[in-house]
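Biologist: Please take a close look at the salt bridges in this model, starting from one residue of your choice and setting it in its wider context. I would like the reasoning behind each description, with the backbone, the pockets and the surface taken up afterwards.

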Amino acid sequence: MNREEIEKQAKTIMDSFLKELATIEETHTFGLEREQSMREPKHEPSSETFKRAFFANAPKVKDNLIQMERKQW
Amino acid sequence: MGVQPKIGLEIHGYIDVPSQVKLFCNCSLVPAEPNENICPICTGQPGSKPMRPNKEALDAILKIALFLNCQLNTELLWQRKHYSWPDLPNGYQKTMSGAYSKPVGLNGNFLGIGIEEIHLEEDPARWDPVSGGVDYNRSGFPLVEIVTKPDFTSSAQVREWIENLMVALSYVKAVRRDLGVKCDVNVSIAPHFIRTEVKNVNSFSAIVDAIEYEIKRQQTEEPKQQTRAWDESSGTTKFMRSKETAQDYQFIPDPDLPVIHVTNELVEPLKIALPDRPDQKQAKFEALKVPGDVAQKLAANLLFASEAEKDMHALKNVPAEFVANRYNNEIRGILAIEQKDAEHLLVMDTVLRQLLIEKFADRTLSNIKFKELLSDLVHGDVDLIRKSVADTAASKPDDEALIAYVKEAILARPEAAVDARAGKEKAINAIVGYVMAKTKGGADAAVIQKLVREHL
């Protein structure tokens, strides 16, 4: 197949796709309604696996506190 | 002429969420060992996205905005406020304030002070600058920021206002008063009114001290717009940086969080459930013939006002003004002496409190006895109070007995009687004291004084 035929076929496919796409009703609006933009809070216990990884990855831990820089400026 | 300061506040309070769950994740807010209540979201792990915001926090912030008489925005936008600090795991704070923001409420007022805006944001972690330790338990705690107009003119006015504000907001169950406030204080003085922002002011007494210090400092130093930090240990403010502007924070809308639409269906039920604001309470008291200044003082503290209103309705035979004055004077005084908050009124026995006010109004109880029994009431000694009221009523001298005591006192204190006849108040009080001792405090001092004057 030469380049011209490929382009012709691609155009046919794209035109057909755009035609189908135009039939879909637009439903998207900017922003979401409150029920979708908020959540009902539900308490979940912290994951022990996460905490282990969190402390293991921290450069330094003392008394369960992650050690960051001190105020020295 | 004294210095003319203009003072404004940025108050951060912890929002009361019944579920005790953080703003953008489901970690607990119940106090715990350091870094116990954490997850990838509130510790800012790479790739983590926030959950949608906690509905209870939005309800609370709307209640605050309505209670403070604010205009509400109908579309609320979350923004990222960028700054680099050890307590901020994401490098930005999720907030409804900032350059493109639509705060929850605008242009409100409370007890005569204008409210510029109110918005919701997340708290960073707790960082101890001395040890360098960071605890993420607090990261994501929902916070309300209330920005006032620079309407205050003294530190005393600020303290009284902020105390009343916190009482009112805890009363509407929107703010956790027990967790305190964090405050930034903006102070400027005439004639230039160039504003200095003082950060890290985290107690009522520190607010007063920081304002007083700044007013003095600005009188001696060249005025410059700047941010200073309150240093509790030295009782001074220290230069932090030239005042930052919105550009410094590089605000951008947060693409992880949807716009929140505030609808009437959401607002109306909250509005209906709100208690009276102080101005509404004052109007109610004035309708019950309480003088304006007395009503205003009482209405400023919403807990006092609500309890007094109950008593006014329960005690039909006692003038409302009498009840109001008891709250403004004796009850306020006893709670201060006993170092109790206004909330203590809620644990006091209401029936006994009303009984004491009633018996004081009909002069069964003297002022001294009334205060003594109020103090017992604060301590919860209910049986003691019931017995004491009954004994006092039984032993209350009738008018004849009282006149006899007055005559006896005049004879027993002849020198005082001579001075009293010459119009010396101290001498009259000495005779009154004699009668009070005879009646064991069971008679009213004002009545005795009147009888003494009649029988001298």
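**Salt bridges and their setting**

Modeller: B:Arg176 counts as buried, because its relative accessibility is 16%, and the cut-off for a buried residue is under 20%. The model is a predicted one, and what follows should be read in that light. The salt-bridge partner of B:Arg176 is B:Asp178, with 3.1 Å between the closest N and O atoms. B:Asp178 has a relative accessible area of 59% and is therefore exposed, since exposed means over 50%. The pair thus joins a buried arginine to an exposed aspartate.

The search of the whole structure finds 37 salt bridges over all chains, and two further pairs show how such contacts can be placed within a helix. In helix 2 of chain B, the side chains of B:Glu163 and B:Arg159 meet in a salt bridge with an N to O distance of 3.2 Å. These two residues stand 4 residues apart in that helix, which means that about one helical turn separates them. B:Glu163 has a relative accessible area of 27% and so is partly exposed, and B:Arg159, at 32% relative accessibility, is likewise described as partly exposed.

The other helical pair belongs to helix 4 of chain B, which covers residues 264-273 and holds both B:Lys271 and B:Glu268, 3 residues apart or about one turn of the helix. Their closest N and O atoms are 3.6 Å apart, and the contact is a salt bridge. Both partners fall between the limits for buried and exposed: B:Lys271 is partly exposed because its relative accessibility is 44%, and B:Glu268 is partly exposed because its relative accessible area is 35%. Elsewhere, B:Lys49, B:Arg80, B:Asp254 and B:Asp256 are joined into one network by salt bridges that share partners.

Helix 2 of chain B deserves a second mention, because it also takes part in the second largest pocket, to whose lining it gives the most, with 6 residues. This pocket has a volume of about 790 Å³, and of its 30 lining residues B:Glu160, B:Asn164, B:Ala300, B:Asn301 and B:Arg332 lie nearest the centre. The elements of chain B that each supply at least two lining residues are strand 6 (105-110), helix 2 (155-171), helix 5 (278-287), helix 6 (292-299) and helix 8 (320-337). Sorted by class, the pocket lining consists of 14 nonpolar, 7 polar and 9 charged residues.

Strand 6 of chain B, one of those contributing elements, also contains B:Asn107. The phi angle of B:Asn107 is near 50°, a positive value in a residue that is not glycine. Most residues other than glycine have a negative phi, and most peptide bonds are trans. With a relative accessibility of 41%, B:Asn107 counts as partly exposed.

The loop between strand 11 (181-189) and strand 12 (196-201) of chain B contains B:Pro191, and B:Phe193 is found in the loop between strand 11 and strand 12 as well. B:Pro191 is joined to B:Ala190 by a cis peptide bond, with omega at about 5°. B:Phe193, for its part, has a positive phi near 50°, again in a residue other than glycine. Its 30% relative accessibility makes B:Phe193 partly exposed.

As for enclosed space, the search of the whole structure finds 1 cavity of 30 Å³ or more, and the largest cavity has a volume of about 110 Å³. It is lined by 15 residues, the closest to its centre being B:Cys42, B:Asn90, B:Lys94, B:Glu122 and B:Ser139. The cavity lining divides into 8 nonpolar, 4 polar and 3 charged residues.

The surface feature to add lies on chain A, where A:Met14, A:Phe17, A:Leu18, A:Leu21 and A:Ile24 form a nonpolar patch with about 510 Å² of accessible area together. One of these residues, A:Leu21, belongs to helix 1 of chain A, which runs over residues 3-22. A:Leu21 has a relative accessibility of 41% and is therefore partly exposed; that value fits its place in the patch, because patch residues need over 30% relative accessible area.

Note on methods
Residues are numbered from 1 along each chain as its sequence is written. Chains are lettered from A and ligands numbered from 1 in the order in which they are written. This is a predicted model: local features need pLDDT of at least 70, side-chain atom pairs count only at pLDDT 80 or more; totals for chains, interfaces and linings use all residues. Side-chain values use heavy atoms; hydrogens and water are left out. On a 1 Å grid over the protein atoms alone, a cavity is a set of points where a 1.4 Å probe fits but cannot get out, and a pocket is an open set with protein on both sides within 12 Å along at least five of seven lines; lining residues have an atom within 4 Å of a point. Grid points are joined across faces, edges and corners, and a volume is the space filled by probe spheres set on the points. Ala, Val, Leu, Ile, Met, Phe, Trp, Tyr, Cys and Pro count as nonpolar, Asp, Glu, Lys and Arg as charged, and the others, Gly among them, as polar. Patches are made of residues with over 30% relative accessible area and no salt bridge: like charges are joined within 9 Å, nonpolar side chains (Val, Leu, Ile, Met, Phe, Trp, Tyr) within 5 Å. Accessible areas come from the Shrake-Rupley method with a 1.4 Å probe; for residues, only the protein chains shown count as cover. A salt bridge is a side-chain nitrogen of Lys or Arg within 4 Å of a carboxyl oxygen of Asp or Glu. Buried means under 20% relative accessible area, exposed over 50%, partly exposed in between (1.4 Å probe, protein chains only).
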